[in-house]
Amino acid sequence: MLKYREINCKSALNKIDNEYGFCYDLNIYRGCLHKCYYCFAVYSHKYINSRDFFGEIFVKKNIAEVLEKELSSRNWNRDMINLGSVTDNYQEAEKDYKLMRDVLKLLIRYKTPMCISTKSDLILRDFDLIDELSNIVPVRIASTITTLDEKLSSLIEPNVISPQKRFDMLREFKKTKAIVAVHTMPVMPFITEDSVEDIFKTAKSYGIDYCAADALKLRGECRKIYLNFVRKNFPQHYKKYLYIYGSDGILKDEYREKLYSKIKLLEEKYNITYKTKEELNTENTVYNRYNNKSLEEEPSLF
């Protein structure tokens with residue numbers, strides 16, 4: 001049974017170090033209704049003494065108030081903030097709480113660049129604010145698309161809008177000055193890896209600025225949840241997964257190298273690859289790669 005827990009946070013921003021350019025992340029919600037079976041973030045509920053990542057959603061009701069104090073500080077350098085690194089800030093709960101609008105208004109007031117990753121077209125509700133912010137500072141809008149097969153997508157990501165709707169949402173944001181991206185993350189061996197080229201091809205036809213892909217990682221609780229999902233829905237691949245994934249949750253070298261070689265060829269073929277941090281320095285923009293280790297070590301939730 002779905003439960004919402006309203007809480008007060010001590011900080012809105014969590015400082016992180018990574019090579020992709022953003023220095024802080026912000027998560028309005030803890031837990032997520034999307035119920036993606038590959039979700040790496042299920043680990044995060046252990047910090048708040050909950051075992052139901054998909055059914056017990058924590059809402060940081062005071063996040064805008066706390067964020068304003070942080071952004072108005074003399075020490076704030078208007079660094080890039082990533083929204084949606086652990087959970088989707090535009091998940092179903094946002095329809096009622098509407099906290100993102102307050103966050104966006106603060107980013108506009110304090111001229112702070114941002115990157116948003118979402119699988120929801122609820123973000124279109126805030127098109128006006130995102131458009132305004134993109135005319136002031138660098139903005140990136142990304143959506144995760146793992147397959148174009150709607151039936152397969154609904155199986156893997158039960159409570160997420162269709163891939164087509166996600167592409168349509170991104171196309172709307174092409175009307176702003178924001179950089180628009182597709183994250184094909186994670187690529188799931190034997191299940192979605194044959195979909196990668198179709199996603200790149202579609203992204204190119206939509207004028208998407210870049211498309212980034214990365215392999216599935218099976219760490220912590222995610223490993224158990226995902227493998228149970230495979231055993232139930234793709235039993236023919238279950239033993240293959242046990243063989244190709246090591247205890248560290250990473251693909252064995254021969255499989256990983258083969259997959260990344262394929263991804264590199266697609267990036268070159270369609271010329272929509274992401275940029276390195278050095279290349280992004282002139283525009284101060286970033287994208288959030290899947291399952292960044294620094295996010296797994298997030299120390300401050302409240």
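**Cores, sheet and rings**

The largest nonpolar core in this structure has 91 residues. Leu26, Met114, Ile130, Ile141, Tyr226 and Tyr241 have the most contacts inside this core. Its largest share, 7 residues, comes from helix H3, which covers residues 99-109. Apart from this core lies another one, of 6 residues. Among them are Ala142, Ala181, Met185 and Tyr210. In soluble globular proteins, nonpolar side chains tend to be buried together. Keep in mind that the model is predicted.

Now look at one residue of the largest core. What does tyrosine 241 touch, leaving out residues up to four places away in sequence? The contacts are Met188, Pro189, Phe190, Ile191, Leu216, Leu218, Tyr226, Leu227 and Val230. Tyr241 also belongs to an aromatic cluster, together with Tyr37, Phe190, Tyr226, Phe229, Phe234 and Tyr245. Phe190 has a charged visitor: lysine 240 lies over the face of this ring, 5.0 Å from the ring centre. Tyrosine 243 has one as well. The charged end of lysine 252 sits over the ring of tyrosine 243, at 4.0 Å from its centre.

Next comes the sheet. Strands of a sheet pair through backbone hydrogen bonds, either parallel or antiparallel. Here, 7 strands form an open sheet with mixed pairing. Read across, the order is E2-E3-E6-E7-E8-E9-E10. Which strands are at the edges? They are strand E2 (14-15) and E10, and each pairs on one side only. Further in, strand E6 (residues 81-83) runs parallel to strand E7 (residues 114-117), and 3 bridges join them. Asparagine 82 has cysteine 115 in E7 as its bridge partner.

Helices pack on this sheet. H6 touches strand E8 (139-144) and strand E9 (179-187). The direction of H6 makes about 170° with that of E8. Helix H10, residues 253-270, lies across E9 and E10. H10 runs at about 175° to E10.

Isoleucine 263 gives a close view of H10, the helix where it has its place. Is isoleucine 263 buried or exposed? Its relative accessible area is 4%, so isoleucine 263 is buried. Beyond its neighbours within four places in sequence, isoleucine 263 is in contact with Ala213 and Asp214. Follow the chain from aspartate 214 to isoleucine 263, and the two are 49 residues apart. In space, their C-alpha atoms are 8.3 Å apart.

Finally, return to the rings. The structure holds 13 aromatic pairs. Take tyrosine 4 and tyrosine 97. Their ring centres are 6.1 Å apart, and their planes stand at 70°, so the pair is edge-to-face. This pair links distant parts of the chain, 93 residues apart. Tyrosine 4 is in strand E1 (residues 3-7), while tyrosine 97 is in helix H2 (residues 94-97). Tyrosine 4 has a relative accessible area of 31%, so this residue is partly exposed.

Now compare phenylalanine 167 and tyrosine 206. The centres of these rings lie 5.1 Å apart. Why is the pair called tilted? The planes are at 35°, so the pair counts as tilted. Again, distant parts of the chain are linked, here 39 residues apart. Phenylalanine 167 is in helix H6 (residues 163-173). Tyrosine 206 is in the loop between helix H7 (196-205) and strand E10 (210-215). Phenylalanine 167 counts as buried at 1% relative accessibility, and tyrosine 206 counts as buried at 17%.

Key. Residues are numbered from 1 along each chain as its sequence is written. This is a predicted model: local features need pLDDT of at least 70, side-chain atom pairs count only at pLDDT 80 or more; totals for chains, interfaces and linings use all residues. Side-chain values use heavy atoms; hydrogens and water are left out. Rings of Phe, Tyr and Trp (its six-membered ring) pair if their centres lie within 6.5 Å; planes under 30 degrees apart count as stacked, over 60 as edge-to-face and the rest as tilted. Helices (H or I, at least four residues) and strands (E, at least two) are DSSP runs, numbered from the N terminus. Buried means under 20% relative accessible area, exposed over 50%, partly exposed in between (1.4 Å probe, protein chains only). A charge sits over a ring if NZ of Lys or CZ of Arg is within 6 Å of the ring centre and within 35 degrees of the ring normal. Two strands pair if DSSP finds at least two bridges between them. Contact means heavy atoms within 4.5 Å. Axes are lines fitted to C-alpha atoms, for helices over the stretch in contact, and angles run from 0 to 180 degrees between N-to-C directions. A nonpolar core is a set of buried Ala, Val, Leu, Ile, Met, Phe, Trp, Tyr and Cys residues joined through side-chain atoms within 4.5 Å.
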